[in-house]
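User: Please take a close look at one part of this model, the largest nonpolar core. Which residues and elements build it, and how do the strands around it pair?

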Amino acid sequence: MMKEDPLERIAREEAQKKNRGPKGLIYALAATAAVLAAALAFIWIQKSSLVKELNLEKEDLTEQIVTLQQDYDSLSSEYDSINSQLDSSREEVAQLVERIKKTDATNRAKMRQYEKELGTLRSIMRNYIVQIDSLNTLNKKLTADAAAARREAAESRKANRELSQQVDDLSSQVAVGSVIKARGIRLEAYNASGKVTDRSSRVIRMLTTLSLVENDLAPKGPVRVYIIVKDPDGNVVTNSSSTGFECAGEAHTASASREVDYEGSEVEMSIYLNDLQDVCTKGVYTVEAYTTQAFLGSAETLLR
């Protein structure tokens with residue numbers, strides 16, 4: 001076998017390199033373009049996926065803020081100070097809704113800021129709910145306490161009225177019980193000899209006798225008893241010692257009177273009506289006995 005001339009071999013290799021150069025470059029460039037296209041496609045897919053994810057996050061955040069806005073709108077109270085704060089917070093939520101709608105989903109910094117503001121507004125809302133519940137509970141307690149106080153006051157007033165009525169009744173009973181009463185009232189006529197007579201022409205004086213009965217409730221001390229003697233025509237029989245008096249607010253003219261010391265025990269007493277010569281006529285004479293407190297009773301005698 002003939003050995004190839006080294007110069008020819010070198011020339012032949014150079015010729016092959018020259019023929020192969022343009023095609024290799026084309027192949028290399030095509031490969032590079034394919035790699036770049038694949039990279040760009042991957043990057044675009046990744047970016048599209050990220051943008052989609054960010055849009056979903058924005059939608060979710062927007063929905064949460066809108067829900068919070070509805071919660072604020074449904075929250076109410078009976079207290080002016082809390083209502084004023086609620087109005088301010090509602091305005092903040094409304095502004096947050098408008099800002100997130102206008103912000104691009106890819107603005108991560110703004111989205112994180114809105115999330116923080118959402119958390120803050122939620123926390124504020126929870127505080128409002130706690131305050132309203134506490135105030136409502138307190139208000140119910142105060143209302144119940146006020147109702148109980150009104151009931152107690154009404155019961156106290158009723159008890160006071162009943163007690164006052166009992167006191168009035170007892171006072172009335174004591175007042176009635178303290179009135180001095182009398183028994184055994186008699187009216188007799190006497191002649192000049194000091195003897196009882198029923199002859200009108202012989203009468204010179206009349207004697208009323210009675211007993212003030214025992215009464216521990218009656219006031220102790222001097223008591224004046226008044227008698228009113230009336231003739232058959234109903235006229236009051238008087239003399240120079242007759243006097244006027246009042247009993248229970250009504251004025252009377254007494255034929256005679258006498259004062260005795262009353263200490264709660266029974267007291268017998270006599271009251272004379274003198275100077276009746278040629279005064280008495282035939283018929284029924286009546287005597288009525290009084291104190292300034294009450295009417296004690298009456299009695300009659302017949303003169304012929």
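Analyst: What follows starts with the whole chain, moves to the core, and then takes the strands in turn.

This is a predicted model. The chain has three helices and nine strands. The helices come before the strands: the pattern along the sequence is α-α-α-β-β-β-β-β-β-β-β-β. Of the 304 residues in the chain, 29% are buried. The accessible surface is about 20300 Å², and carbon and sulfur atoms hold 52% of that area. Among contacts with a separation of 6 or more, 67% join residues 24 or more positions apart.

Now the core. Nonpolar side chains tend to be buried together in soluble globular proteins. The largest nonpolar core here has 30 residues. Met206, Leu210, Leu212, Val229 and Tyr285 touch the most other members. Seven strands each give two or more residues to this core. They are S1 (182-190), S2 (205-212), S3 (221-230), S6 (256-262), S7 (267-273), S8 (283-290) and S9 (295-303). Another core, of 19 residues, lies apart from it. Ile65, Tyr72, Leu75 and Met125 are among the residues of that other core.

Take S3 next. Buried here means under 20% relative accessible area. Seven of the 10 residues of S3 are buried, so the strand is largely enclosed by the rest of the structure. S3 pairs with S6 over seven bridges, in the antiparallel sense. Within that pairing, Val223 has Val260 of S6 as its bridge partner. S3 is also joined to S8, by five bridges, and these two strands run antiparallel. Here Tyr226 stands opposite Tyr290 in S8. S3, S6 and S8 are each among the strands that give two or more residues to the largest core.

Then the other group of core strands. S1, S2 and S7 form an open sheet of three strands. Their order is S1-S2-S7, and the pairing is antiparallel. S1 and S7 are the edge strands, each pairing on one side only. From one strand to the next, the twist averages 15 degrees. Seven bridges join S2 to S7. Along this antiparallel pair, Thr209 stands opposite Ser270 in S7.

To put the parts together: S1, S2 and S7 make the open sheet, S3 pairs with S6 and with S8, and every one of these strands gives two or more residues to the 30-residue core.

Notes:
Residues are numbered from 1 along each chain as its sequence is written. This is a predicted model: local features need pLDDT of at least 70, side-chain atom pairs count only at pLDDT 80 or more; totals for chains, interfaces and linings use all residues. Side-chain values use heavy atoms; hydrogens and water are left out. A nonpolar core is a set of buried Ala, Val, Leu, Ile, Met, Phe, Trp, Tyr and Cys residues joined through side-chain atoms within 4.5 Å. Buried means under 20% relative accessible area, exposed over 50%, partly exposed in between (1.4 Å probe, protein chains only). Helices (H or I, at least four residues) and strands (E, at least two) are DSSP runs, numbered from the N terminus. Two strands pair if DSSP finds at least two bridges between them. Axes are lines fitted to C-alpha atoms, for helices over the stretch in contact, and angles run from 0 to 180 degrees between N-to-C directions. Contact means heavy atoms within 4.5 Å. Accessible areas come from the Shrake-Rupley method with a 1.4 Å probe; for residues, only the protein chains shown count as cover.
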